[in-house]
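Colleague: I'm new to reading protein models and I'd like to practise. Could you put one up and let me ask about it bit by bit?

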Amino acid sequence: MTKRFRGFITVLVLFWWVSFSASAQEWQVSPDQDLQMVLNRASSGDEVILSAGRYLGSFVIAQSMSLKGDAGAVIDAQGEGHALYITASEVTIDGIRIVNWGDDLTEQNAGIYADKKPENVIIQNTYLEGDGFGIWLQGGKDCQVINNQVVGNTALRSADRGNGIQLSNMKNSLVRGNEISKTRDGLYVIASKDNVLENNTMHDLRYGIHYMYSYSNKILNNYAYSTRAGYAMMNSRYLEIRGNVSENTEDYGFLLNYIIYSEIDSNIIKNVWTKPENKVPGRDGKALFVYNSGYNTISNNYVEHAEIGIHLTAGSEKVKVFGNSFIDNPIQVKYVSNRFQEWSQEGKGNYWSNYHGWDMDGDGHGDVPFEPNDGVDKLFWKYPEAKMLMDSPAVLLLRWVQGQFPVLKAPGVKDSFPLMKPNRPVAEKTLLGGL
């Protein structure tokens with residue numbers, strides 16, 4: 001390609017861009033106008049601005065455009081269908097209050113719905129309050145959901161509400177800075193890959209973040225509180241779960257079900273406790289519940305005041321566990337295994353608040369290995385009513401006998417280099433009770 005020809009192409013592109021920019025139109029709409037007619041007439045690249053007031057009905061955006069709202073602009077779907085249905089790419093929704101869309105979960109009624117392989121759709125600074133799903137994106141890529149607030153309806157049973165933000169078969173998308181409450185799950189991700197969920201706040205929900213069948217996603221610096229489970233990760237792989245906070249949950253801080261080749265690092269989990277009225281045998285608050293999940297790294301997490309600090313079961317082996325801090329959990333570890341599991345890496349173990357060893361050489365590691373789930377612990381798991389005898393002379397004698405006669409010791413977890421000081425990750429979100 002000659003220099004003259006390249007110059008000609010550059011001039012042509014600039015001419016096209018100037019012509020396109022000059023042709024883009026701004027539409028100022030008031031509530032007494034037909035909003036759908038304006039959306040139909042608008043051309044690609046146009047900007048539609050809603051003046052303050054209430055816009056009744058459900059609306060379809062079929063062109064690449066921006067739809068923005070002045071302060072006080074409200075779209076009210078009057079309890080039917082989607083409030084906004086996006087069928088185009090290159091669409092921006094900005095600064096609108098959206099309320100009262102449909103509650104038919106089978107029809108996937110949502111405040112904002114896009115299922116025609118949306119690309120480069122941006123949804124930001126919106127407030128959504130309704131019965132069904134808040135924002136639903138499906139089959140697309142390169143979308144952004146930023147700084148929105150989604151509120152569900154607590155008059156409905158949790159199972160009858162939609163999720164706050166749902167990504168289905170999405171790629172390379174960003175969900176950041178949103179606040180979600182009173183929906184079923186906060187952020188629900190299914191069959192999606194290479195997405196980032198960061199700095200979101202979720203509360204008063206079933207699950208804060210819920211993952212299903214999704215690969216190579218990042219879950220970073222989110223905050224979940226007052227949920228049944230802060231983070232429920234299922235049937236997924238290559239996840240990076242880092243810097244998140246889970247607080248005041250009833251069943252799980254992090255639930256990992258068939259998660260493989262993933263990193264769970266530098267998260268904070270506090271106060272995981274099943275309510276007394278919901279107590280049944282086997283239902284205990286678990287900070288980390290790892291079920292049928294192998295080949296993962298669980299490191300540098302801070303776990304405090306959970307009924308069970310970490311529970312691994314159903315073949316959850318080949319898991320690297322190191323650098324974590326387990327503090328004031330009545331049961332630090334629940335793990336039934338057929339062989340001993342070493343929970344340290346390259347001379348770095350975990351901090352255990354009930355470790356009573358010493359550090360004579362001052363290297364920061366206990367001189368005596370720690371075994372947080374011995375045979376006596378397994379006895380208490382099987383017979384929970386025996387916990388009242390935990391500090392009795394008989395139990396102390398049993399523990400001593402195990403130490404003196406290793407042949408009597410059942411396989412379990414061993415930390416050969418327990419840390420003498422806890423490791424507190426720096427959380428971007430402030431915990432309710434502080435650290």
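Colleague: Which backbone oxygen does the side chain of Lys-286 reach?

Modeller: Keep in mind that this is a predicted model. Lys-286 belongs to strand S28, residues 286–291. At 3.3 Å, its side chain gets to the backbone oxygen of Asp-284.

Colleague: And how far away is the nearest side chain of opposite charge from Lys-286?

Modeller: Lys-286 is buried, yet it has no salt bridge. To count as one, a side-chain nitrogen of Lys or Arg has to be within 4 Å of a carboxyl oxygen of Asp or Glu. The nearest side chain of opposite charge is that of Asp-284, and the distance is 4.9 Å.

Colleague: Which residues does Lys-286 contact, leaving aside neighbours within four places in sequence?

Modeller: Some of them sit in elements we can name. Asp-251 is part of strand S25, residues 245–260, and strand S31 covers residues 308–313. The full set of contacts is Asp-251, Tyr-252, Gly-253, Val-272, Ile-308 and His-311.

Colleague: How many bridges join S28 to S31?

Modeller: These two strands run parallel. One place to look is Phe-289, which stands opposite His-311 in S31. The number of bridges joining S28 to S31 is 5.

Colleague: What is the bridge partner of Ile-308 in S34?

Modeller: S31 also pairs with strand S34, residues 331–335, in the parallel sense over 4 bridges. S31 is mostly covered, with 5 of its 6 residues buried. In S34, the partner of Ile-308 is Ile-331.

Colleague: Back to charges: how many salt bridges does the structure hold?

Modeller: Side chains of opposite charge can pair when their charged atoms come close. One such pair here is Glu-47 with Lys-68, at 3.1 Å from N to O. Glu-47 is in strand S2 (residues 46–50) and Lys-68 in strand S5 (residues 65–69), so this pair links distant parts of the chain, 21 residues apart. The total for the structure is 14.

Colleague: Is Glu-47 buried or partly exposed?

Modeller: Buried means under 20% relative accessible area. Glu-47 has 21%, so it falls in the class called partly exposed.

Colleague: What about Arg-54 and Asp-76: which parts does that salt bridge tie together?

Modeller: Their closest N and O atoms are 3.1 Å apart. Arg-54 is partly exposed, with a relative accessible area of 45%, whereas Asp-76 counts as buried at 10%. The two residues are 22 apart in sequence, so the bridge ties together strand S3 (residues 53–56) and strand S6 (residues 73–76).

Colleague: Which residues are linked with Arg-283 in a network of salt bridges?

Modeller: Start with the pair Arg-283 and Asp-251, whose closest N and O atoms are 2.9 Å apart. Arg-283 lies in the loop between strand S27 (268–272) and S28, and Asp-251 in S25, so the pair ties together parts 32 residues apart in sequence. Asp-251 is buried at 6%, while Arg-283 is partly exposed at 24%. In the network, Arg-283 is linked with Arg-228, Glu-250 and Asp-251.

Colleague: Where does Ile-96 lie, and what separates its C-alpha atom from that of Gly-69?

Modeller: Ile-96 is in the loop between strand S8 (92–94) and strand S9 (97–99), and it counts as buried at 1% relative accessibility. Its contacts beyond four places in sequence include Leu-50, Lys-68 and Tyr-127. Ile-96 and Gly-69 are 27 residues apart along the chain, but their C-alpha atoms are separated by 4.8 Å.

Colleague: Which residues does Gln-341 touch, not counting those up to four places away in sequence?

Modeller: Gln-341 lies in strand S35, residues 341–342. Its relative accessible area is 13%, so it is buried. Gln-341 touches Glu-317, Tyr-335, Gly-412, Val-413 and Lys-414.

Colleague: Last one: which strand gives the most to the largest nonpolar core?

Modeller: That core has 77 residues, and Val-48, Leu-50, Ile-93 and Met-233 touch the most other members. Giving 4 residues, the strand that contributes the most is S21 (residues 201–212). Among the residues that Met-233 touches are Ile-209 and Tyr-211. So the name you want, by the count of residues given to this core, is S21.

Technical notes. Residues are numbered from 1 along each chain as its sequence is written. This is a predicted model: local features need pLDDT of at least 70, side-chain atom pairs count only at pLDDT 80 or more; totals for chains, interfaces and linings use all residues. Side-chain values use heavy atoms; hydrogens and water are left out. Buried means under 20% relative accessible area, exposed over 50%, partly exposed in between (1.4 Å probe, protein chains only). Lys and Arg count as positive and Asp and Glu as negative; His and the chain ends are not counted. A polar contact is a pair of N or O atoms within 3.5 Å; within protein, one must be able to donate a hydrogen and the other to accept it, and residues adjacent in sequence count only if both atoms are side-chain atoms. Contact means heavy atoms within 4.5 Å. Two strands pair if DSSP finds at least two bridges between them. A nonpolar core is a set of buried Ala, Val, Leu, Ile, Met, Phe, Trp, Tyr and Cys residues joined through side-chain atoms within 4.5 Å.
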